[in-house]
Amino acid sequence: MGKWESLRAGLNWLNLSTLSGLALARCTGCRIKPGQQGLIYALNYRPRLPVAGAFTVGNVVFFRKRFSEPCDHPCLLEHEAVHATQYALCLGLPFIPLYFLAAGYSWLRTGDPASRNPFERLADLQAGGYVERPVSKIMPRLPRALPRATHHPKHQRSPSRRTPA
């Protein structure tokens with residue numbers, strides 16, 4: 001384990017996110033296994049939510065049954081390692097509401113919680129198994145409509161009327 005990975009692991013223990021991840025793993029019956037890059041693997045996660053094939057809480061990476069051998073999925077492991085770093089940088093569990101705010105923003109812009117979510121984009125969308133969706137045309141219209149709605153009619157020039165000659 002490198003210096004940064006050790007620091008990340010220590011920070012995530014201190015901010016209680018790894019401890020929270022281990023508690024969740026225990027409550028959901030996951031098998032715990034030490035992993036690469038200072039991560040801890042929680043295998044065979046069964047609850048319905050979240051629907052992702054893998055997700056991270058602190059330095060604990062949860063895998064559904066189809067990912068029973070995490071080392072066979074190096075891109076996904078790297079994606080989840082970035083999320084572990086994001087937990088450390090967000091001081092632990094505050095990452096969760098920040099992530100949901102970012103997912104909501106992405107959903108409003110694209111109809112997908114990952115495509116415009118900065119946490120997912122920084123972790124590499126494709127490595128996490130996501131497909132980038134195009135930005136919706138509904139939200140971009142809103143900022144253009146606001147100036148018209150707040151513009152007072154008395155300040156508008158009336159359109160010139162031409163009278164037939």
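I started at Phe-119 and listed its contacts (heavy atoms within 4.5 Å): leaving out residues up to four places away in sequence, Phe-119 touches His-83, Gln-86, Cys-90, Phe-95, Leu-98, Tyr-99 and Ala-102.

Note to self: this is a predicted model, where local features need pLDDT of at least 70 and side-chain atom pairs count only at pLDDT 80 or more, while totals for chains, interfaces and linings use all residues. Numbering runs from 1 along each chain as its sequence is written, and side-chain values use heavy atoms, with hydrogens and water left out.

Next I looked up the largest nonpolar core (buried Ala, Val, Leu, Ile, Met, Phe, Trp, Tyr and Cys residues joined through side-chain atoms within 4.5 Å; buried is under 20% relative accessible area, exposed over 50%, partly exposed in between, with a 1.4 Å probe and protein chains only). Of its 16 residues, Cys-30, Ala-42, Phe-62, Phe-95 and Phe-119 touch the most other members. S2 (40-43), S3 (54-57), S4 (60-63) and H4 (95-110) each supply at least two residues; these are DSSP runs numbered from the N terminus, helices being H or I of at least four residues and strands E of at least two. H4 gives the most, with 4 residues. I also found a second, separate core of 11 residues, including Leu-43, Phe-67, Leu-76 and Ala-84.

Then I checked the backbone. The Leu-49 to Pro-50 peptide bond is cis, omega near -10°, and Pro-50 sits in the loop between S2 and S3.

Which residue has a positive phi of about 65° although it is not a glycine? I got Leu-91, in the loop between H3 (74-89) and H4. Leu-91 counts as exposed, at 65% relative accessibility.
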